[in-house]
Every structure is written in structure tokens, then in C-alpha cells.
Amino acid sequence: MITNLLEGKKGIVFGALNDKSIAWHVAEKAHAQGARLVLTNAPVAIRMGTIGELAEKTGSEVITADATSMQDLEVLFNRSMEIFDGKFDFVLHSIGMSPNVRKGIPYAESSYENMLKTLDISALSFHRILQTAYKLDAIKEWGSVVALTYVAAQRTLAGYNDMGDAKALLESIARSFGYIYGKDRHVRVNTISQSPTATTAGSGIAGFDSLVDFSDRMSPLGNADASDCADVCITLFSDLTKKVTMQNIFNDGGFSSMGMSERAIEQYNKSFRECPDK
Ligand SMILES: NC(=O)c1ccc[n+]([C@@H]2O[C@H](COP(=O)([O-])OP(=O)(O)OC[C@H]3O[C@@H](n4cnc5c(N)ncnc54)[C@H](O)[C@@H]3O)[C@@H](O)[C@H]2O)c1
């Protein structure tokens, strides 16, 4: 087993709500690999979730921040630099929320007020985080920033609603800021495109269980779970990936390169056997 990949490194992890959260798994693995962490989430998530348990397990401090508030982000980054006694090495953006998805409003009937919130929370928050870090010069040279995304940025998946638009924007921000942060400070910016994963945010998507089953049947390696995603995050935070930047890395068992698999076709054919033509 590889150990101490993040020895001496310090980082901020956004988005651990409970032990199902992908960010939770990332924090646990980063801690196990020797990193020091600050954990953060929105005020309501800290009240409703179990981040305190994770903080105890990992010896981390929790700082409340709404990722759509520049003021909260500035306080978070400044306070983190006090805790870390200087700049830090990595940031995980693991944030997503769509009021349209939550309220079951179909994409064609989108409330634009909701849609703006979706984009602000799920994508522009990434720009805000990068802009704040850049302005405060908070991330060390050769540091790494990672955000989590989904293949609905490239392909239409029924039910994913305006989160597909948010993910497309998120991935674009990674490239746009990745260029600036790379050339000016040697900081890399990447996204990881993750398989459907049973978390609070994931389970809110319409038809989620079918999506999980379909993705699994389509993927030669099967769906990647939260622990697999955390492993990829750790490699991107580590010095093993110093020249990887502005990339979207698919951690999806091969799903994004498939058109049809034998397992999926077999399942699809069953529905025809049960429903003969009338
Ligand atoms: N679960 C999946 O199927 C899946 C697949 C691909 C990508 N992702 C992405 O992974 C990331 C993490 O989601 P998850 O599946 O672990 O679910 P999760 O519900 O555990 O995490 C989402 C987090 O976003 C936080 N958040 C929402 N609004 C916020 C705000 N204003 N400020 C700060 N934080 C805020 C929530 O409090 C929560 O902790 C998201 O970007 C999600 O889109 C998830």
C-alpha cells in the first residue's frame, strides 16, 4: 500500500455533509496519507450534517462558509492560513445543489431564479474559490485544486436537469482559471468526472437508482464508488501529478467511452420479452 503521499501537505475540503459524501471519503484518505485539513460547509449543512464527527476523526478544524459568499470565502482562507501557519497545498470543491432538481421542476419548465441558484452554487462557487485563493495568494506553488463533476456536462442524461449546465460551466472554469493559475503560480486545476454515487446530492436526481444500474451495466469496470473517487483526488493532490492541469478526468469505469455493452443490451432485451408487441 502506498503511504504518506500527502505528508506535510495542508488542504481545505469543501462539501462533507455526512459519511456518504464524496468529500468525507476524500478527507479521511487525505488524513490517512498525512495531510492536515480544514473542513468547510454551508451553515445549514453544518447544523444538519455530521461534519463534527469527521473533524474529530481527522483532527481538523471546521470553518463555516457559504461558497456563494465572497466574504465567507475570504474569512475561510485567511483563517485557514492562520491555522496552517501559511499557505496551503490543495483544495477540494465538492459542492452541488439545484433547486429545480430538489423541487422536481422539469428542465423545459425551469424556474430561472432556481437555475441561477444552481449555477451560482454548483459552478460559480468554483470561480469564487479560485479567485479568492488567487487574490490572497493562498495556495503554494505546485498546489492543486480539484472539483467534482459528472458526464452530464458532455452528454444529456434524462433527469439530471440544469445540473448538466452547471457541470459544463464548472469544467470550463477549471480550464479558464487553470491557464491563469498555472502560468502565474504553477497551481493546477482539474475536475474529476465521477460515476453516479449514492449520496445526499446524488440520490436527489430523478431516476437515480436506474441511472446507477444502467451506468454499472454499461461500464467495463463497473461504477466507481466514493472511495475510488477519493483515491483519484489523493493522486491529484500529490506530487505525482505535478504537470496534470486543465483536465477533466473520468473516474467512471469506462462509461463515458461506451455506446452499448452486452450487459446493458441483455437487460434491455428482457423488457421486450416481457412486453410482446400488441
Ligand atoms: N453523487 C453523485 O452521483 C455524483 C456524481 C458525479 C459528481 N458528483 C458531484 O460530487 C460533489 C459532491 O456531491 P456528493 O455526491 O458527495 O453529495 P453531498 O450532498 O454529500 O455533497 C454536496 C455538498 O454541497 C454542499 N453545498 C451545497 N450548497 C452549498 C453552499 N452554498 N456552500 C457550500 N457548500 C454547499 C452541501 O452542503 C453538501 O455538503 C458535487 O459537486 C456533485 O455534483 C456527485
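Count Ala, Val, Leu, Ile, Met, Phe, Trp, Tyr, Cys and Pro as nonpolar, Asp, Glu, Lys and Arg as charged, and everything else, Gly included, as polar. On that count, the shell around the ligand in this predicted model comes out as 14 nonpolar, 12 polar and two charged residues. The ligand has 28 residues around it, and Ser21, Ala45, Gly96, Ala201 and Gly202 are the closest of these. As for where the shell comes from, helix H1 (22-32), strand S5 (139-149) and helix H8 (200-203) each put in at least two residues. The top contributor is H8, which hands over three.

Stepping back to the whole chain, the fold is built with 11 helices and seven strands. Its radius of gyration is 19 Å, close to the 19 Å that the globule rule gives for 278 residues, so the chain is as compact as a globular protein of that length. Laid out along its principal axes, the C-alpha trace covers about 70 × 45 × 40 Å.

Two helix pairs are worth a look, and H6 takes part in both. Take H6 with helix H7 (residues 163-185) to begin with: their axes come within 8 Å and cross at roughly 10°. With angles under 35 degrees counted as roughly parallel, that makes H6 roughly parallel to H7. The crossing of H6 past H7 is right-handed. On the H6 side, the contact is made by Thr118, Leu119, Ser122, Ala123, Phe126, His127, Leu130 and Tyr134. H7 answers with Met163, Asp165, Ala166, Leu169, Leu170, Ile173, Phe177 and Tyr181. Sorted by type, the residues of this H6 and H7 contact are 12 nonpolar, three polar and one charged.

The other pair is helix H4 (residues 70-84) with helix H6 (residues 112-136), whose axes come within 10 Å and cross at roughly 50°. H4 and H6 are therefore oblique to each other. Here too there is a handedness to report: H4 goes past H6 in a right-handed crossing. From H4, the residues involved are Met70, Leu73, Glu74, Phe77 and Asn78, and they meet Arg128, Ile129, Thr132, Ala133 and Leu136 of H6. That contact of H4 with H6 splits into six nonpolar, two polar and two charged residues.

Definitions and conventions. Residues numbered from 1 in each chain as written. Predicted model: local features only at pLDDT ≥ 70, side-chain atom pairs only at ≥ 80, totals over all residues. Near = placed C-beta within 6 Å. Helix = DSSP H or I, 4+ residues; strand = E, 2+ residues; numbered from the N terminus. Axes fitted to C-alpha atoms, helices over the stretch in contact; angles between N-to-C directions. Parallel < 35°, antiparallel > 145°, perpendicular 65-115°, else oblique. Left-handed = near helix turned anticlockwise from the far one by under 90°. Contact = placed C-beta atoms within 7 Å. Rg over C-alpha atoms; globule rule 2.2 N^0.38 Å.
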